[in-house]
Amino acid sequence: MISIIGAGKVGSASAFNVLRLGISDVVLLDIAEELARGEALDMMQAAPAIEFDGYVKGTSDFSEIGGSEVTVIVAGAGRKPGMTRLDLANVNSRIVKSVVKEVVKFAPESKIMVVTNPVDVMTYVAYKESGFERNRVFGIGNVLDTMRFRSYIAAELNASREDIRALVIGEHGDSMVPLVDYATVSGIPIKTLLRKDQIEKILSLTKTSGSEVIKLKRATTYGPAVVIAITVDAVLRGRNRVMGVSTVLQGEFGLSDISIGVPVILGKNGIERILELELNPQAKKQFGESASIIKDITYKCTRQAQDQTSTRTRSVRASSNFQHTG
Ligand code: LMR
C-alpha cells in the first residue's frame, strides 16, 4: 500500500494512475477530507469499467497511512504564471515539514517520495526532518524533465518516443541540465543526427515546457501524475530502474549536504545506488551552477525556519518571564 498526501489535481491523478496500472492500493490524504473522500469515491466507480482490483481510500486522518511502503508528498502550493519553482520554497517547506512529522509518526518504515516544489530543496527538508536514511528520501522532478526531453527529441527526429533514451540532471527548475552527450535514439547519439540549432531548440523546450503549461492552464497534471506512478512502480516492484532522481549527496559528484537530481538505481530500498558519471566541461559547469542555486535556497529556507523557531522560543521565554515576574 502507498499513501499520497495531497488530493489536488496531481495527487488525485497519480492515485488513479497507480490504481489503473495495478501498482498498489492507495490512501489518498488531504486536510480537505471531503475532497479526498470524493476523489476516492469517484475513482472506485470507474473500477468495473477498466477492471482494476485495487482500492483507494480518501481520508484526512494520518493514522490511515500506517504500513505505507511509499509516502508520496504532493501537498503544497503550486507556482503561478511568472513564478519559478524556487519562489515556493518558504511556504512549502512549512507544509512539507508538517507532513513529514506525521509520516515519521505513522509510517516510520516508509520511503518518502517528494513531489512538492522546489523538489530538490523540499527533498532535503524532508530528509532532515524525518531523520530517515538517505536512500529512503528522494524527490522526483528530473524524471519528468527527462520525459519532456525525450518527447522533444522524438518530435525533432520524427522517431518513436519509445526509442529515445536520455537523462536530465541538476535542479528540477530553470537550471536543469539535460545531458546531450548521453541522449540516444536506439543507441545512436542524437548529436550525430541533429544539427546544433535543433538541439538548442530541444533544450530550450525541455526547460520551459512546465512554465508553458502553467501559463496555458495554470498547472501541470498528467505529466507529474504518470511520473509518480512509474516511480512508485520502480520501488514497489523492485524494478531497479535507472532514473534521474533528487537525492542527498554525501561526496558523490563532489557535493555534500544537498539534494539534487542525479542518476540512481531505484528499487525496493529506494535509492539502491547513485551512478556517478563523466560530464563534459560545459555540463559540469552547468551542474555546479545548478547545485549552487539549490544550496543557496536550501540554506536560506532552513535558516529562516531556524530563525523563526528561535524567535518563537525567545518570545515564549519573554512572555513566561513577564508572567513570572508579574
Ligand atoms: C512540473 O514540472 O510540471 C512541475 O514541477 C510543476 C511546475 O511548477 O512546473
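Start by selecting α3 together with helix α4 (residues 119-130): the two axes come within 9 Å and cross at roughly 35°. The crossing is right-handed. For the side chains that make the interface, show A89, N92, S93, V96, K97, V100, K101 and V104 on α3, and M122, V125, A126, E129 and S130 on α4; these two sets meet each other. What you have on screen is a predicted model, so colour it by confidence before going further. The mean pLDDT of the chain is 93, and 94% of the residues reach 70 or more.

**Next stop: the loop after α3**

Select S110, which sits in the loop between α3 and β5. Is S110 buried or exposed? Its relative accessibility is 0%, so it counts as buried. To see what surrounds S110, add S68, E69, V70, T71, V103, F132 and R136, its contacts once neighbours within four places in sequence are set aside.

**Into the big picture: the nine-strand sheet**

T71 is a good handle for moving into the sheet: its bridge partner in β5 is I112. Select strand β4 (residues 70-73) and strand β5 (residues 111-114) and you have a parallel pair joined by 4 bridges. Now bring α3 back: as residues 89-106, this helix lies across β1, β4 and β5, and runs at about 165° to β4. Add α7 too, which packs on the sheet and touches β1, β4, β5, β6 (137-140), β12 (241-250) and β13. The direction of α7 makes about 70° with that of β13.

With those helices placed, show the whole sheet. It is open, has 9 strands and mixed pairing, and reads β3-β2-β1-β4-β5-β6-β12-β13-β14 in order. Which strands stand at the edges? They are β3 and β14; each has a single partner strand, so one side of each is left without a neighbour in the sheet. Look along the sheet to follow the twist, which averages 35° from one strand to the next.

Stay at the β14 edge for a moment. Strand β13 (residues 256-267) and strand β14 (residues 270-274) run antiparallel and are joined by 4 bridges. Together they form a hairpin, with 2 residues between the strands. To find the register, pick L266 and then its bridge partner in β14, I271.

**Over to helix α1**

Select residues 9-20. How far apart are the end C-alpha atoms of this helix? They are 16 Å apart, which agrees with the 16 Å that 12 residues should span at 1.5 Å a residue. The helix is mostly covered, with 9 of its 12 residues buried. Those buried positions in α1 are V10, G11, S12, A13, S14, A15, N17, V18 and L19. What do they pack against? Turn on β1 (2-5), β2 (26-29), α2 (33-50), β3 (56-59) and α7 (222-236) to see the partners of these buried residues. Then step past the helix to G22, which follows α1 and has a positive phi, near 65°.

**Helix α5, for comparison**

Jump to residues 142-157. This is α5, a helix of 16 residues that reaches 22 Å from its first C-alpha to its last, close to the 22 Å expected at 1.5 Å a residue. Its buried residues are N142, V143, L144, D145, T146, R148, F149, R150, I153 and A154. Just after α5, check N158, where phi is positive at about 55°.

**A second sheet**

Next, select β7, β10 and β11. These 3 strands form an open sheet in the order β7-β10-β11, with antiparallel pairing. Here β7 (164-165) and β11 (188-189) stand at the edges with a single partner strand each, so one side of each has no neighbour in the sheet. Strand β10 (residues 184-185) pairs with β11 over 2 bridges. For a close-up, put T184 opposite P189 in β11.

**Last stop: α8 and the uncertain stretch**

Select R303, in helix α8 (residues 281-325). R303 is partly exposed, with a relative accessible area of 38%. Draw a C-alpha to C-alpha distance from R303 to V248: the two are 18 Å apart in space and 55 residues apart in sequence.

Finish on residues 316-326, where pLDDT stays under 50. The model has 1 contact beyond four places in sequence for this stretch. Where pLDDT is low, the predicted coordinates should not be read in detail.

Key: Residues are numbered from 1 along each chain as its sequence is written. This is a predicted model: local features need pLDDT of at least 70, side-chain atom pairs count only at pLDDT 80 or more; totals for chains, interfaces and linings use all residues. Side-chain values use heavy atoms; hydrogens and water are left out. The expected span of a helix is 1.5 Å times one less than its number of residues. Buried means under 20% relative accessible area, exposed over 50%, partly exposed in between (1.4 Å probe, protein chains only). Contact means heavy atoms within 4.5 Å. Two strands pair if DSSP finds at least two bridges between them. Axes are lines fitted to C-alpha atoms, for helices over the stretch in contact, and angles run from 0 to 180 degrees between N-to-C directions. pLDDT is the predictor's confidence in each residue, from 0 to 100. A crossing is left-handed if the near helix is turned anticlockwise from the far one by less than a right angle, and right-handed if clockwise.
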